Amino acid sequence: MMADMDRRDVIDRVAIPRKDDDLLLGRHGLDLLMPMHAMIDPEGRIVHIGPSLSRLAGNRPLVNRKLTDCFSFNRPQTVRGPADLHGIGGHRLDLAFRDGRAVRLRGVAAPLAGAGGLVLNLSLGLRELADLGGAGLTCTDFSATDMTVDMLYLIEGKNAAMTESQRLIMRLNGARQMAEKQAFTDTLTGLGNRRALDRALADLVAAGIPFALCNVDLDYFKQVNDRHGHAAGDEVLKAVAHVLTDVTRDRDLVARTGGDEFVILFRNLVDPAIIDRIARRLIVGVEQPITVGDATCRISASMGTALSTAYDVADPVQMMADADLALYASKRAGRSRHAVFDACLHVPPSE
Amino acid sequence: MHGLVNRSLQGFLQDTYGDEVWRDIARRSAPDLTGFEPMMEYEDALTHDVIAAACRALSKTQPDLLEDLGTYLVSHPNMSRVRRLMRYGGDDFRAFLHSLDDLPERARLILPDAPFPGLRLTDMGSGIYRLTCRGGMPGVEHVVMGIIRAMADDYGALVVLDWAETADGGPDSATIDIHMPADRFHEGRAFALTDGLAS
């Protein structure tokens with residue numbers, strides 16, 4: 001059997017003269033060393049294919065057909081018919097099945113001594129690694145020196161490691177966003193805190209957006225705390241936060257900056273008449289009796305506003321101070337009211 | 001300790017015994033421990049504390065727990081990726097056993113710093129293979145034992161595993177004898193090289 005095959009392999013029809021040191025390698029040997037090879041006769045016809053190429057080809061007929069009828073050549077592109085195969089020995093080849101799915105293969109061809117023709121050794125192109133050309137190849141289809149299975153192992157492992165890394169990044173990012181949100185939130189009321197106010201102020205000033213800064217101070221809140229306890233006070237603060245959120249727009253910032261002190265930044269709003277209307281709605285809102293357990297709490301609010309357009313360059317510190325002056329003016333004028341800062345407020349009060 | 005080891009341990013305890021049991025073990029291991037990140041590094045002592053706490057909570061010996069962990073790694077549906085990586089070793093269990101020599105190197109291609117033990121397989125003849133396991137984290141040979149047992153099942157190979165009474169591998173090593181009568185096998189689980197790659 002073996003002798004039979006060897007005799008067919010070395011038909012004495014000389015194309016390249018056989019030398020003494022040329023190897024006599026039977027088809028079994030070639031199948032073992034290069035399971036994905038094809039033998040091409042001097043006419044350019046496939047006369048034998050290795051077991052893995054056979055498996056890869058599936059029901060595409062290869063043997064006894066012209067190599068160039070079975071495969072299209074992407075490299076060298078000059079190979080179109082059998083006559084173009086002369087001289088491709090030693091070159092890197094890039095080819096694909098013509099029948100069915102165009103599975104890409106790469107390879108190299110070597111001219112055969114003795115009978116003439118070529119032996120073509122092939123392997124899967126990189127793009128075919130994901131599903132091995134759709135042919136259901138197994139470990140035994142690859143020679144022991146072929147690293148394709150190691151590549152698959154690497155791809156699989158790399159995917160797993162990347163997935164884990166991405167999950168970690170998502171978790172860390174979620175935690176960072178949560179921490180950031182908490183860092184800018186007043187835990188009792190859910191409003192912004194001092195840090196949120198400072199950042200929003202800096203952003204508005206940097207962007208040159210006109211805005212109003214309004215300080216809100218609760219009146220009679222101390223009495224609520226004294227009379228009904230801190231728990232009731234906390235409930236009142238939450239109710240006030242609701243009112244403040246209700247009377248402002250989404251684009252405005254409402255922050256709690258102290259025990260019973262709040263700041264509103266009205267973005268793109270510097271009309272004193274409109275701000276005054278909002279302020280009155282706010283005061284009416286917080287003056288609604290708030291029921292906490294058995295107690296009914298009544299408070300009010302005083303407000304003072306500074307407009308960024310009143311300054312050549314809006315300075316948050318100066319605006320805070322000026323809004324405070326306006327707030328004190330409201331308090332002095334009898335509480336439960338709103339005042340917009342005016343330069344004359346800088347004059348020390350006479351009392 | 002590589003986070004992957006800790007995360008595997010956590011996954012094993014959660015998937016096998018439930019979140020409640022895991023949380024209890026985590027609390028007993030370290031006050032603020034809730035879970036592990038597979039891509040981060042942890043103190044070795046923490047891993048050992050978790051293993052010890054799990055053994056106490058589940059009334060298991062450490063070797064039994066670690067062998068169960070090994071079995072879990074290659075047989076639980078949540079760990080199908082590890083099983084797939086192991087099946088790249090070969091088309092039958094014998095080829096798989098021979099691939100164990102290469103396994104640590106392959107694994108290091110993906111995770112260069114993971115604490116895999118060195119593995120060496122010797123064919124003793126008469127269907128007996130001797131696997132020497134050296135280095136890695138303490139007790140890792142029990143994890144390997146669990147993996148081999150589960151993989152034999154996966155390939156449908158009927159094998160008997162024993163601890164070998166030998167000091168061939170020197171200190172810091174353990175040796176498993178794998179008895180594989182040639183004619184005993186049953187239907188293994190299906191596997192194709194490319195099952196998981198397209199996704």
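**Exercise 1. A nonpolar surface patch**

Task: In this predicted model, state which residues make the nonpolar surface patch of about 330 Å², then place A:L25 in chain A and classify A:L25 as buried, partly exposed or exposed.

Solution:
1. The patch is formed by A:L23, A:L25 and A:L33.
2. A:L25 sits in the loop that runs between helix 1 (2-9) and helix 2 (27-33) of chain A.
3. The relative accessibility of A:L25 is 39%. Buried requires under 20% and exposed requires over 50%, so A:L25 is partly exposed.

**Exercise 2. The largest nonpolar core**

Task: Find which members of the largest nonpolar core touch the most other members, and list the contacts of B:F93 beyond its neighbours within four places in sequence.

Solution:
1. The largest nonpolar core has 95 residues, and A:F71 and B:F93 touch the most other members.
2. Helix 8 (residues 140-155) of chain B supplies the largest share of this core, 10 residues.
3. With neighbours within four places in sequence set aside, B:F93 contacts B:I148, B:M151, B:A152, B:Y155, B:A157, B:V159, B:I178 and B:M180.
4. There is also a second, separate core of 33 residues; among its members are A:C214, A:V236, A:L244 and A:A301.

**Exercise 3. Two cysteines**

Task: Classify A:C214 as buried or exposed, do likewise for A:C297, and give the number of disulfides over all chains.

Solution:
1. A:C214 has a relative accessible area of 0%. Buried means under 20%, so A:C214 is buried.
2. A:C297 has a relative accessible area of 1%, so A:C297 is buried.
3. A disulfide is a covalent bond between the sulfur atoms of two cysteines. The structure has zero disulfides over all chains.

Note on methods:
Residues are numbered from 1 along each chain as its sequence is written. Chains are lettered from A and ligands numbered from 1 in the order in which they are written. This is a predicted model: local features need pLDDT of at least 70, side-chain atom pairs count only at pLDDT 80 or more; totals for chains, interfaces and linings use all residues. Side-chain values use heavy atoms; hydrogens and water are left out. A disulfide is a pair of cysteine sulfur atoms within 2.5 Å. Buried means under 20% relative accessible area, exposed over 50%, partly exposed in between (1.4 Å probe, protein chains only). Patches are made of residues with over 30% relative accessible area and no salt bridge: like charges are joined within 9 Å, nonpolar side chains (Val, Leu, Ile, Met, Phe, Trp, Tyr) within 5 Å. Accessible areas come from the Shrake-Rupley method with a 1.4 Å probe; for residues, only the protein chains shown count as cover. A salt bridge is a side-chain nitrogen of Lys or Arg within 4 Å of a carboxyl oxygen of Asp or Glu. Helices (H or I, at least four residues) and strands (E, at least two) are DSSP runs, numbered from the N terminus. A nonpolar core is a set of buried Ala, Val, Leu, Ile, Met, Phe, Trp, Tyr and Cys residues joined through side-chain atoms within 4.5 Å. Contact means heavy atoms within 4.5 Å.
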